[in-house]
Each structure stands twice: as C-alpha cells, then as structure tokens.
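Please look through the sequence and the model below before reading on. The paragraphs that follow take the strands one pairing at a time, so it helps to keep the model in view.

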Amino acid sequence: NWWFEKYFWFISSENYLVVAGHDTQQIEHIFARHLGSHDVFVQADVAGARTCFVRNPGGGPVPPATLREAGTMALCHSTAWDKHIIISAWSVPVEQVSRGGPPPEGDFLLVDGFFVRGRRDFMPPLQLEMGLTVIFHVADASASRHRGERRSRYLEAMGDPNAVRDDSGDDDGEDEELLVEDGDEQQGSGKDAAHSHVADDAPGRGAEDMGVSNKEGADKEDG
C-alpha cells in the first residue's frame, strides 16, 4: 500500500498528489510527517471545509487547475455541499502555516487548528463536483511511454520546466522517505516502490480524471 491510501486523496489532472485527513489526528500526522517546503495548504471560509495539502516535492509553482481541484475537494466536504453554495477556496504555501501556538508577531488566521500567516490566494468560485475513477499503476518498463500524458498545459505555456513532471527515477532519497513510511512499503524494496516524485509514481499515473478513493466520496456523489 502507498502511505496516502489511509487518507482522503486523489491524483490531480496535472499529476500532483492531493491528500487530506479523515479527522484531526490524521491531519496532524500529514502535516508533521509528509509535507515539504514546496507543498501547498488549501482551505475555504465555510464551515466544515476539509484541509487539503498539495504535494509538490519538485518545487516550482503548483498550476491553477490542480489548486482548483484541491479547493473543490475541500469544499465538497463542507456545508457548502449540502446548501448548494458556490464559493471560493484559497491556498497558501505550507511555509505560511504552523500548528501548536500563534506566531510571535504579525497577523494570522486560525483555520482548522492551523495558524495561517500572510496573503491568501483565492480561487474563482468552484462548482461542487466529485466523482470516482479507476486508477492504475503502469510498470516501470512502460512508464516512459506515458510520460507527459498528465502534463500541465498552464506551466507549458509559461515555459516552466516542471510542465512535464520528471519520471526518470533519479532521486536523492528525501522524497522517497516522504512517499513510503516504515511498514507501508509496497512488496519489494523501497527503491523499487518509490521514485523522486510522489505524484509521478503514485498509482494514478495515466488516470483520466480526478478520483476519490473512499466510500464517503461515492456517497456524496450519489446524494
């Protein structure tokens, strides 16, 4: 199993892993153990909005489409779903977020137990839609044939080298540690199970649309 399968998660249309906890304990666990300095915190100003994190181990800007998809997930678990409210979500770099006590200086916002400092980037109003998809994991021998299928056209237009997220398998060990926990590895060595980019090598590689891998998501869709 992959470490994120115990949480709410999906692979964005641009191949980024988006993860959220089922409860406060899981949210704290994600924040403490699985986030890097380039990741993004996503929330919304509505009751019940679920805190989501966009994993971005390769650095660079996270494209707007991925942020909107993460914002949709945050909102679909809020009261906005039941009340059919069209509202905006927002994001901040995870470096602007802390837990355990208020910042020593400056203004901050307390959200879901997190202290958020600085400017928040608001998204356009989002349609509340969730769905399920079949996610598959291609073999390493076939990975090169699928490279670029989930590239970010936004980053491509901006000339960003991260438009096609690298799937070369080269890594320095840091992101491999973030991907696989002790006891949660897939069968075989950790090197075989995880490469440098968590979203690139997650089981969602090649999936056509965002998916929610839990029954609650399906129940919301049916409702």
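In this predicted model, a good place to begin is the pair formed by β7 and strand β8, which covers residues 114-117, where the two strands run antiparallel and are joined over four bridges. Within this pairing, L110 stands opposite F115 in β8. Helix α1, made of residues 24-33, packs on the sheet and touches both β6 and β8, and its direction makes about 120 degrees with that of β6.

How are the strands of that sheet ordered? It is an open sheet of three strands in the order β6-β8-β7, with antiparallel pairing. Because β6 (97-99) and β7 (108-111) stand at the edges and each has a single partner strand, one side of each is left without a neighbour in the sheet. From one strand to the next, the twist averages 30 degrees.

We can now turn to another set of strands, beginning with β1, residues 8-11, which is joined to β2 by four bridges in an antiparallel arrangement. In this pairing F10 has V18 in β2 as its bridge partner. The two strands form a hairpin with five residues between them, and N15, which lies in the turn, has a positive phi of about 75 degrees.

Strand β2, residues 17-20, is also joined to strand β4, residues 52-54, by three bridges, and these two run antiparallel; here A20 stands opposite C52 in β4. Are the faces of β2 covered or uncovered? Both faces are covered, since L17 and V19 on one side are buried, as are V18 and A20 on the other.

Terms used
Residues numbered from 1 in each chain as written. Predicted model: local features only at pLDDT ≥ 70, side-chain atom pairs only at ≥ 80, totals over all residues. Heavy atoms only, no water. Pairing = 2+ DSSP bridges. Axes fitted to C-alpha atoms, helices over the stretch in contact; angles between N-to-C directions. Contact = heavy atoms within 4.5 Å. Buried < 20%, exposed > 50% of the residue type's maximum accessible area, 1.4 Å probe, protein only.
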